[in-house]
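Work through the exercises below with the model open. Each task is followed by a stepwise solution.

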Amino acid sequence: MIEFRNVTKHYQGAARPAVDNFSLEVYDGEIAVFVGPSGCGKTTCMKMTNRLIEPTGGEILLDGKNNRSLDQTELRRGIGYAIQQIGLFPHRSIASNIATVPRLLGWEKQRIANRVDELLALVGLDPDTYRNRYPSELSGGQQQRVGVARALAADPPVMLMDEPFGAVDPIARHRLQQQFLEIQARVRKTIIFVTHDIDEAILMGDRIAVLQEGGILAQYDRPEKLLTEPSSEFVADFVGADRAIKRLSLTHCGELELEPAQGDGDSLPRVAEHETARDALSIMLAAGTEHALVVTAEGQRRGTVSEGTIRALFRTGAAEEQRARGSTA
């Protein structure tokens, strides 16, 4: 769906390129996370996709078409865009904010109204309660959900997300991340997601592009390979020495070996089946227990997971990491 071919961005007067010979493919229906230190060119790469920034050289193809051959306005209207600052219009209602692009595209009023209500429900906001409210009446997390709904409004095949959850508190951020992954499982958009947080990258990405200073692509891989086989010392250092712990974020509780829930399961802390093994371990440590009750989204019992099961998963990851380190020594 999106292909970068030897893309370069060089600003006049700069000693080195902001982006240098950047090439990769973002596959249909996947989230590609661009991550790296400040100034590495990740946001520049994303903004060149919808031509908010024009590349100096190379090509960016959208569904096989060079984006520079497309009308800028039409290009941007066909790409959903969500940013950290959200950017809701304060003088417009929530419904009007979400309807921005469909209105520009000339949709009929009833179609727009139906789409607004559909999207509010999708992001977990009751349409009757929220459609006529204004941004100032919503919490930061609720505003961010409206921002995601607005980016999805015209049902674009491609979305660009620039640190979209960075402006909310950690608890709300984790909830938004999980909720967005649930939405993505249903809508399957092709997404470029920019973050500076490697933990968020591992959680959100189907593939992760690690960039280093000068806009150089250091590695582009699935999260598990990035953690077990970093391609260079830079990538290993950026991912961090606790790679085995981070690997716990790749396994959801519903995928773990569960024990039958006993009669006293209600006394155990609960963890949703879509949450990660890392989440479950954190919950158990906080509660001072060695087991947690895994439940479905509807609250039905799946079984219990033990601290021992998660620690065994950690040890497996640590052993693989050690073998990888030995093979690159």
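The exercises cover the sheet, one of its strands and the nonpolar cores.

This is a predicted model: local features need pLDDT of at least 70, side-chain atom pairs count only at pLDDT 80 or more, and totals for chains, interfaces and linings use all residues. Residues are numbered from 1 along each chain as its sequence is written, and side-chain values use heavy atoms, leaving out hydrogens and water.

**Exercise 1.** Find the strand order of the open sheet and its edges.

*Solution.* Strands are DSSP runs of E, at least two residues, numbered from the N terminus. Two strands pair if DSSP finds at least two bridges between them. The order is 6-7-8-3-9-10, with mixed pairing. Strand 6 (79–83) and strand 10 (216–221) each have a single partner strand, so one side of each lacks a neighbour in the sheet.

**Exercise 2.** Place strand 8 between its partners and decide: are its faces covered or open?

*Solution.* Start with strand 7 (residues 158–162): five bridges join it to strand 8 (residues 190–195), in parallel. Leu 160 has Ile 192 as its bridge partner. Asp 162 stands opposite Val 194. Next, strand 3 (residues 31–35) also runs parallel to strand 8, through five bridges. Here Phe 34 is the bridge partner of Val 194. Now check burial (buried: under 20% relative accessible area, 1.4 Å probe, protein chains only). Both faces are covered: Thr 190, Ile 192 and Val 194 are buried on one side, Ile 191, Phe 193 and Thr 195 on the other.

**Exercise 3.** List the contacts of Met 161 beyond four places in sequence.

*Solution.* Contact means heavy atoms within 4.5 Å. Met 161 touches Met 46, Ala 82, Val 148, Phe 180, Ile 191, Ile 192, Phe 193 and Val 194.

Definitions and conventions: Helices (H or I, at least four residues) and strands (E, at least two) are DSSP runs, numbered from the N terminus. Buried means under 20% relative accessible area, exposed over 50%, partly exposed in between (1.4 Å probe, protein chains only).
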